[in-house]
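Trainee: I would like to learn how to read a model of protein chains with DNA. Where should I begin?

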Protein chains: 2
Amino acid sequence: MEIIIDIDDPTPLFSQLIEQIKNAVIAGKLNPGDALPSIRQLANDLELNSKTIAKAYRLLERDAVIQAKGYRGTFVHPDAQKNCTIDLNEWVNEQLNKTIASFRDAGVTDSEIRIAFSNAMNNQKN
Amino acid sequence: MEIIIDIDDPTPLFSQLIEQIKNAVIAGKLNPGDALPSIRQLANDLELNSKTIAKAYRLLERDAVIQAKGYRGTFVHPDAQKNCTIDLNEWVNEQLNKTIASFRDAGVTDSEIRIAFSNAMNNQKN
DNA sequence: CGATGTACCATCACAACACATGGAACAAGT
DNA sequence: ACTTGTTCCATGTGTTGTGATGGTACATCG
């Protein structure tokens, strides 16, 4: 399990991390139950800030690819392989594309769409 | 028909214009067929840039509140009063609220929603 | 020629946000 | 004591989009 982070890649670092871990799971290099390096450990190895690693781990756990078990460390989720192929963002993209297309058909300006979106995001806080 | 623009008001100038014209229509101070000041004329009176006025007029015409008749000038739309009460943005807000709420329920991060939204807006260009 | 709305070129300040960084602290279990 | 993940404080940089400005030009009609 080697992870390579390319600083020159415009892809956000935490995204690169997520990608590589998912790929390792799909390729069978990481199997359910396998222990992952601790956040601080990995941050040290990759010379990244621990917050960046933590962000990647948080998202991976949300997608049920890994499991954080507190003081015991972080492990590959039992259903990791299956959940790796589920792309939550892809679904979000589809939904948004449909919604935005309907707005444009109605003649709504991009500016107006953006403002309404911003309002929706802020008003739903909570 | 007097229009007052408040520079200190955080509300965008073109929005203030739209609001006041719509209100004038609703209040019956502007009736269908009435002529509106020309873009350059109004820009001069309010000491605003003509583009700012043009933007307001463009949106008002899209909502069928006014009608631009080229060299003849701009007039209040026959169905202005009815179309003033139709708030396109309200419908947009409802749609977005529902969509965003479903994303949040699925555990999607605000950041991810914003990025997906940004992508959807840019990728659908044409 | 003058006026209309409209289209294109451009610039600037301002705000919101993403990404990444750093430090400090916490509860939980070994 | 030590390490685990997590959460709070914070800063800085870069990008993106808005609002508003200015200039120039066009076709159309009087």
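Mentor: We will go through the two chains, their contact, the DNA surfaces and one helix. Keep in mind that this is a predicted model.

Trainee: How are chain A and chain B related, by what turn and what shift?

Mentor: The general idea first. Two copies of a chain are related by a rotation about an axis and a shift along it. Here, a turn of 180 degrees and a shift of 0.0 Å along the axis lay chain B on chain A, with an RMSD of 0.2 Å. The two copies are therefore related as by a two-fold rotation axis. Both copies use the same surface: 100% of the contact residues of chain B recur in chain A.

Trainee: How many residues does each chain put into the contact?

Mentor: Chain B provides 24 residues and chain A provides 25 residues. On the side of chain B that touches chain A, the elements giving two or more residues are α5 (88-105) and α6 of chain B. α5(B) gives the most, with eleven residues. By class, that side of chain B holds 13 nonpolar, eight polar and three charged residues.

Trainee: Now the DNA. Which residues are closest to DNA strand D?

Mentor: For a surface near DNA, ask who is close, which elements supply it, and what classes it holds. DNA strand D is surrounded by 28 residues, and the closest are A:S38, A:A68, B:L13, B:N49 and B:K51. At least two residues each come from α2 (39-46), α3 (50-62) and α6 (110-123) of chain A, and from α1 (13-26), α3 (50-62) and α6 (110-123) of chain B. The classes are twelve nonpolar, ten polar and six charged.

Trainee: And which are closest to DNA strand C?

Mentor: A:L13, A:N49, A:K51, B:S38 and B:A68 are the closest of the 27 residues around DNA strand C. Two or more residues each come from α1 (13-26), α3 and α6 of chain A, together with α2 (39-46), α3 and α6 of chain B. This surface has twelve nonpolar, nine polar and six charged residues.

Trainee: Let me try one helix. What should I check in α3(B)?

Mentor: Start with its span. α3(B) has 13 residues and reaches 18 Å from first C-alpha to last, close to the 18 Å expected at 1.5 Å a residue.

Trainee: Which residues of α3(B) are buried?

Mentor: B:I53, B:K55, B:A56, B:Y57, B:L59 and B:L60 are buried. An α-helix has 3.6 residues a turn, so residues three or four places apart point the same way. The buried residues of α3(B) pack against α1, α2, β2 (66-68) and β3 (74-76) of chain B.

Trainee: What comes just after α3(B)?

Mentor: B:A64, which takes a positive phi of about 60 degrees.

Methods: Residues are numbered from 1 along each chain as its sequence is written. Chains are lettered from A and ligands numbered from 1 in the order in which they are written. This is a predicted model: local features need pLDDT of at least 70, side-chain atom pairs count only at pLDDT 80 or more; totals for chains, interfaces and linings use all residues. A residue is near a molecule or strand if its C-beta atom, placed from the backbone, lies within 6 Å of it. Helices (H or I, at least four residues) and strands (E, at least two) are DSSP runs, numbered from the N terminus. Ala, Val, Leu, Ile, Met, Phe, Trp, Tyr, Cys and Pro count as nonpolar, Asp, Glu, Lys and Arg as charged, and the others, Gly among them, as polar. Copies are superposed by least squares on the C-alpha atoms of residues with pLDDT of at least 70 in both. Two residues are in contact if their C-beta atoms, placed from the backbone, lie within 7 Å. The expected span of a helix is 1.5 Å times one less than its number of residues. A residue is buried if 20 or more other C-beta atoms lie within 10 Å of its own, exposed if 12 or fewer, and partly exposed in between; C-beta atoms are placed from the backbone.
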